[in-house]
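Let's take a walk through the hollows and the packed parts of this protein. Have a look at the model first, then read on.

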Amino acid sequence: MIVSQQKPLDEILSELDGISRVFLIGCAKCATVCKAGGEEEVWQMQESLTAVGREITGSIVIDEVCHMLRTARDLRSRKEMVDEAEAIVVLACGAGVQSVSATTSKRTLAGLDTKFLGNIKRLGQFEQKCSLCGECLLSRTGGICPVTVCPKSLLNGPCGGMDNGRCEVDLESECAWKMIFDRLSDRGDAERIKKTVSAKDNSTRRQPGRLKLDK
């Protein structure tokens, strides 16, 4: 899931300087799980903006704001409310904000900061496990991503800075490559760590990314 965090209210108000009428959009997927942009957070944002003199013309929590066609369809269902607003505040990830911005001529503001692609450790706790590098090595590394978990993103490790199994960059963290070695050893596959991985071909990692599935 995409992990996001609500921007400080002062920052949102700064972007709303001179704007009095606002439409709010939340996301029922990732932003809801992060407690950054679900129904509760949209309601709280409405209360906060109303308290400082903004008029909320309406709001909606879209099932997946990153789904461009669905977002356009749902905003058409609130057309009058959107038309009355001077700006739209979107409590969704950056992909969601861009879905909205592509749909309307209204000024569109990001209410959240998009942090990373994360796993849910437990309620309210998220950990980054994947960097979306486009070339997955997990089959070789026991299912632990060195690009993400190792602060140096080393494709071959460990480095010389490991101390008693701890990372020299973050002493509170276990060395990613020790974790990889231990997991491979548990599976009787420790020899795999001796196979050198070639440098990534970063020329294939172009932005913006696109993928079209074959029918």
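Which residues lie nearest the centre of the largest cavity? They are C150, P151, C159, C167 and C175, out of 14 residues in its lining. A quick word on the model: it is predicted, so to speak, with local features needing pLDDT of at least 70 and side-chain atom pairs counting only at pLDDT 80 or more, while totals for chains, interfaces and linings use all residues. Residues are numbered from 1 along each chain as its sequence is written, and side-chain values use heavy atoms, with hydrogens and water left out.

**Hollows**

On a 1 Å grid over the protein atoms alone, a cavity is a set of points where a 1.4 Å probe fits but cannot get out; a pocket is an open set with protein on both sides within 12 Å along at least five of seven lines; and lining residues have an atom within 4 Å of a point. A volume is the space filled by probe spheres set on the points. Two cavities of 30 Å³ or more turn up by this rule.

| Hollow | Volume | Lining by class |
|---|---|---|
| Largest pocket | about 490 Å³ | seven nonpolar, six polar, four charged |
| Second largest pocket | about 150 Å³ | four nonpolar, two polar, two charged |
| Largest cavity | about 110 Å³ | ten nonpolar, one polar, three charged |
| Second largest cavity | about 30 Å³ | one nonpolar, two polar, four charged |

Here Ala, Val, Leu, Ile, Met, Phe, Trp, Tyr, Cys and Pro count as nonpolar, Asp, Glu, Lys and Arg as charged, and the others, Gly among them, as polar.

Of the 17 residues lining the largest pocket, S131, L132, R205, Q207 and G209 lie nearest its centre. R205 also lines the second largest cavity, along with C133, E135, K200, D201, N202 and T204. P151 and C167 show up again in the second largest pocket, whose lining also includes T148, V149 and M179.

**Packed parts**

A nonpolar core is a set of buried Ala, Val, Leu, Ile, Met, Phe, Trp, Tyr and Cys residues joined through side-chain atoms within 4.5 Å, where buried means under 20% relative accessible area (1.4 Å probe, protein chains only). The largest one has 34 residues, and L16 and I25 touch the most other members. A second, separate core of six residues includes L137, C145, V147 and V197.

L16 touches V22, L49, R54, A87, V89 and L109 (heavy atoms within 4.5 Å), leaving aside residues up to four places away in sequence.

Conventions. Buried < 20%, exposed > 50% of the residue type's maximum accessible area, 1.4 Å probe, protein only.
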